[in-house]
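Welcome! Here is a short tour for anyone opening this structure for the first time.

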Amino acid sequence: STQVTLAARPTGYPDESTWEVATTEVPEPGPGQVVVRVDLLSLDPAMRGWLNDVRSYVPPVGIGEVMRAFGSGEVVASAHDEIAVGDVVSGVFGVREHALVDGAEVTRLDTDLAPPSTWLGALGMPGMTAYFGLEDVGRAQPGDTVLVSAAAGAVGSTVVQLAKARGCRVIGIAGGPEKVAWVEETGADVAIDYKAGGLLKQIRAAAPDGVDVYFDNVGGEVLDAALASLARGARVVLCGAISGYNDETLPDGPRRYMSLLVFRASMTGFVVFDYEDRYPEAVAAIGELITSGRMQPRETVLTGGIEAFPEALLGLYRGVNTGKLLLQVSG
Ligand code: NDP
């Protein structure tokens, strides 16, 4: 039985020195375990990240360990009560022909509903990513303009079709005329070929009123163009950034922005003036804290009159103030 282990951590794109291919005995299941003959392996952009020895949402694959991978296959030996030889299952089987796994960790596939390949795609992890990213993170509503990158990929193509079903206007971005044609076939209102150039222009033309949900699978320049095309109140779903996964340096711009993905954090823009009609509520709350002594407001007051304004303003950038910086003009 053949397996692929991690031999050395790559810098940049993985190459031959990254992997070791070896042959081992077909394993025997211990109590509660099953042996799966792996038929399909899922190739996931995230795999590149799993090779880096950094803090992330899963530990990195260790040197000498079988490369982590989702897959599907058939149970060929079972020591688990509920899983039988012949069952078609999916799970994290690793890059190997025979996987020894706990029965509790495999999912039995309903092959009447869809073939195993689809259980690794639209009904599998990528599909779940599309669904929750669009519904929960993107909060897509009927009538929204949804922009999706890598729209011809596993996650992206599911997003396109879910968003259409949700009653959204959908713009898909993909590379090359064939993919673009397929994105249109799947129902996108507009499909954009980012390799044809003029991406920002193309997005603006397709979404003159701006993008309500941007589902980002690629990062980099595509993200930049999308950010320059947002509608008010837009939600940007940081799903992935494949354009940079093999880079040896961090991206330009907010260099650590992928932390938002890893830690499921969000950055949301807001402007205080939007809350004007709720100011009284805030004044009451803060006022109550001040009068009861639970808040100590502070101001730094500069003197010198109006003439002192230019210098006073610069005080902010030098940090002369504690609390609110004010300039005493008269009195
Ligand atoms: P895809 O099926 O979309 O395959 C990757 C696609 O990315 C390629 O087909 C290619 O399409 C596109 N691509 C590759 N390089 C670049 C580049 N430099 N610039 C722009 N596009 C590029 O993969 P998945 O659907 O599995 O994953 C899509 C994204 O979702 C990835 O970023 C992945 O990491 C992320 N993801 C995140 C999850 C999460 O929980 N947050 C879970 C699963 C996936 P094209 O020819 O159109 O360029």
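The notes below look at one annotated region, two helix pairs and one loop residue. Please keep in mind that this is a predicted model.

**The annotated region**
- An unreviewed UniProt entry lists residues 12-327 as "domain: Enoyl reductase (ER)".
- Across residues 12-327, helix makes up 27% of the chain and strand 23%.
- The C-alpha atoms at the two ends of that stretch lie 54 Å apart.

**Helix α6 and its two sides**
- Helix α6 runs over residues 199-206, and its buried residues are Leu-199, Gln-202, Ile-203 and Ala-206.
- These buried residues sit on the same side of α6, because they cover an arc of only 100° around the axis.
- A general rule helps here: an α-helix has 3.6 residues a turn, so residues three or four places apart point the same way.
- Turn to the other side of α6 and you will find Lys-201 and Ala-205, which are exposed.
- What do the buried residues of α6 pack against? Their partners are β8 (145-148), β9 (169-174), β10 (190-193) and α7 (220-227).

**How α6 meets α7**
- The axes of α6 and α7 come within 9 Å, crossing at roughly 40°.
- That angle makes α6 oblique to α7, and the crossing is right-handed.
- On the α6 side, the contact is made by Leu-199, Leu-200 and Ile-203; on the α7 side, Val-222, Ala-225 and Ala-226 take part.
- Leu-199 and Ile-203 therefore appear twice in this story: they are among the buried residues of α6, and they also belong to the contact with α7.

**How α3 meets α4**
- Helix α3 covers residues 125-137 and helix α4 covers residues 154-165.
- Their axes come within 8 Å and cross at roughly 45°, so α3 and α4 are oblique to each other.
- This crossing of α3 and α4 is right-handed.
- From α3, the residues that meet α4 are Pro-126, Gly-127, Thr-129, Ala-130, Tyr-131, Gly-133 and Leu-134.
- From α4, the residues that meet α3 are Ala-154, Val-155, Thr-158, Val-159, Leu-162 and Ala-163.

**A loop residue, Thr-249**
- Look for Thr-249 in the loop between β12 (230-238) and α8 (259-262).
- Is Thr-249 buried or exposed? Thr-249 counts as exposed, because it has 7 C-beta neighbours inside 10 Å, and the cut-off for exposed is 12 or fewer.
- In sequence, Thr-249 and Thr-11 are 238 residues apart, while in space their C-alpha atoms are 9.9 Å apart.

Notes: Residues numbered from 1 in each chain as written. Predicted model: local features only at pLDDT ≥ 70, side-chain atom pairs only at ≥ 80, totals over all residues. UniProt positions renumbered as here; feature names shortened; annotations may be inferred. Helix = DSSP H or I, 4+ residues; strand = E, 2+ residues; numbered from the N terminus. Buried ≥ 20, exposed ≤ 12 C-beta atoms within 10 Å, placed from the backbone. Arc of directions from axis to C-beta. Contact = placed C-beta atoms within 7 Å. Axes fitted to C-alpha atoms, helices over the stretch in contact; angles between N-to-C directions. Parallel < 35°, antiparallel > 145°, perpendicular 65-115°, else oblique. Left-handed = near helix turned anticlockwise from the far one by under 90°.
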